[in-house]
Amino acid sequence: MTNVSVTVNGQSREADVEPRTLLVYFLRETLGLTGTNVGCDTSTCGSCTVLVDGESVKSCTMLAAQADGRDVTTIEAMAHGDTMHPIQDAFHRNHGLQCGYCTPGMVMAAASYLQENPTPTEEDVREALEGNLCRCTGYQNIVKSILDAAGSMSGAPETTRA
Amino acid sequence: MLREGAMSVDYLAPADMAAALEMRGAGGTVLAGGTDLFPQHVGRPMTQPVIDIGGVQELRDIVDTPDAYRFGALARWADVADTDLPSCFDGLRAAAREVGSVQVQNSGTIGGNLCNASPAADGIPPLLSLDASVELTSTVGTRVLRLDEFLTGYRATALRPDELLTAVLVPRGPDGARSSFRKLGLRGYLVISVVMVAAVVAASSDGRITDVRLAVGACSPVAQRLPSLEAELVDRRIDDFDAAVIARHLGALTPIDDVRATAAYRFEAASVLVHRALQACGSER
Ligand SMILES: Cc1cc2nc3c(=O)[nH]c(=O)nc-3n(C[C@H](O)[C@H](O)[C@H](O)COP(=O)(O)OP(=O)(O)OC[C@H]3O[C@@H](n4cnc5c(N)ncnc54)[C@H](O)[C@@H]3O)c2cc1C
Ligand code: FES
Ligand code: FES
């Protein structure tokens, strides 16, 4: 067993895990944070996207042990109580999801991207989402949601913790 | 479904280079960004201890030394894309932005791309066109190999089991050289290359080519330079030569038929991309 100590959504969490435990299973099974989904076994789909030290990574392509000492943000940190994060709210208003499976990964990828570029073009958003696949929406409304969120977030106070 | 990191072995996290080399000497699989390693080990457990070199800080830096640019093996594609470098690196930086997606660029490293040695590795053609070398280090010492000597075949390298790739070294190129990278995939995003081409071109003030280096990937087990075409292009004007000359110099390529494209298509595409890569170096002068 390996001892890992990770700051997850602002709280320090520590556990002994099998060295082979992937970060996504540490989050889902050890910590019970099941908002992060697993959609493939080829590191392709991006539904497992979380932020590590503020940057988007695929949590299925990283060991929990590799996150030791680092800061992880998952979809659970986005809403404050009943108040959705502006990106979540924009997905809601623009029908940015159907089944919702890809959505946590989409929201986290968008959150990290909008930190970097708060005023993206449509093309920028499509490029930023190339690592996130959706089987339902055809992407149109996802892109629309993120552009809408960018609009409502610019000028607004910092809302993501990453 | 991928359940676990597919290993039931020790996980080692050396904090510095000395410890990393010691552990590697004792035997183990190196883990850098994991973006090649984890997908390859789904359902195929690793049998050796895993040495996570992510904690070795000195492997992360990209530095400008008197004779060469030195990319630490752990420089991630996101770092390469974001670092301010001279124009001869534009092709490498463009390739960095084509590796997978943002998430893959935030994890995947230059050293991992070279050690994995896929014929479709996007980092290889730009580094071949830059005459790059690799620094290989073990507890017994350091050696430097030219990248074309390091890459010995399909997914094969000259890396010894006790060595780490510690840096990629790029000698100073001709002043003001421009460079470009063109990748063809079957769709626009997140795609394995069908063909990719990297070019570095230096030209005189009247637009004549004084130095040109071209490399083609995904058309042979190891990406290749095109020395005879390079020789033929010197002294020509970059914006004015018969593109038909390109096809005559692609004889060393041995593309295959596979699910992504036929060999004939790859030849055709290689010829077109070489032309476009050269044009890109000529434009905006
Ligand atoms: C969804 C997805 C898309 C991708 N798209 C592309 C693409 O478009 N183009 C492309 O070129 N690649 C692509 N890749 C492959 C991969 O991301 C790159 O090759 C990346 O640069 C690998 O680096 P890494 O640090 O993740 O390597 P790792 O997976 O950590 O290691 C790869 C191999 O190299 C060895 N190794 C790593 N570092 C060292 C070292 N310093 N010394 C000795 N041995 C070492 C490891 O033991 C392993 O065998 C993609 C991968 C994924 C998952
Ligand atoms: S589960 Fe598909 S990329 Fe991680
Ligand atoms: S909403 Fe179903 S996969 Fe995207």
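In chain A, the C-alpha centres of domain 1 and domain 2 sit 21 Å apart. This is a predicted model, and the domain assignment of chain A runs from 2 to 77 for domain 1 and from 86 to 153 for domain 2. Where these two domains of chain A meet, domain 1 puts in 16 residues and domain 2 puts in 11. On the domain 1 side, strands E3 (49-52) and E4 (55-58) of chain A are the elements that give two or more residues. E3(A) has the largest share of that side, with 3 residues. By class, the domain 1 side that touches domain 2 of chain A splits into 5 nonpolar, 10 polar and 1 charged.

Next comes a helix pair in chain A. Helix H2 (residues 86-93) and helix H3 (residues 103-116) of chain A pack at an angle of about 130 degrees, and their axes are 10 Å apart. With angles of 65 to 115 degrees counted as roughly perpendicular and those over 145 as roughly antiparallel, H2(A) and H3(A) are therefore oblique to each other. Their crossing is right-handed. H2(A) brings A:Ile87, A:Gln88 and A:Phe91 to the contact, while H3(A) answers with A:Thr103, A:Val107, A:Ala110 and A:Ala111. Sorted by class, the residues of this H2(A)-H3(A) contact come out as 5 nonpolar, 2 polar and no charged.

Moving on to how the chains meet, the contact draws 26 residues from chain B and 26 residues from chain A. On the chain B side, H2 and H5 each supply at least two residues, and H5(B) gives the most, with 5 residues. That side of chain B, the one touching chain A, holds 13 nonpolar, 10 polar and 3 charged residues.

That leaves the ligand. Ligand 1 is surrounded by 31 residues, the closest being B:Gly33, B:Gly100, B:Gly108, B:Gly112 and B:Asn113. Chains A and B both have residues around ligand 1, so the site is shared between chains. Several elements of chain B each supply at least two residues of the shell: strand E2 (29-31), helix H2 (37-40), helix H5 (102-107), helix H6 (110-116) and strand E10 (164-171). H6(B) gives the most to the shell, with 5 residues. Within chain B, domain 1 (11-55) and domain 2 (57-171) both give residues to the shell around ligand 1, so the ligand lies between them. As for chemistry, the shell around ligand 1 divides into 13 nonpolar, 15 polar and 3 charged residues.

Conventions: Residues numbered from 1 in each chain as written. Chains lettered and ligands numbered in written order. Predicted model: local features only at pLDDT ≥ 70, side-chain atom pairs only at ≥ 80, totals over all residues. Near = placed C-beta within 6 Å. Helix = DSSP H or I, 4+ residues; strand = E, 2+ residues; numbered from the N terminus. Nonpolar A, V, L, I, M, F, W, Y, C, P; charged D, E, K, R; others polar. Domains from an automatic or database assignment. Contact = placed C-beta atoms within 7 Å. Axes fitted to C-alpha atoms, helices over the stretch in contact; angles between N-to-C directions. Parallel < 35°, antiparallel > 145°, perpendicular 65-115°, else oblique. Left-handed = near helix turned anticlockwise from the far one by under 90°.
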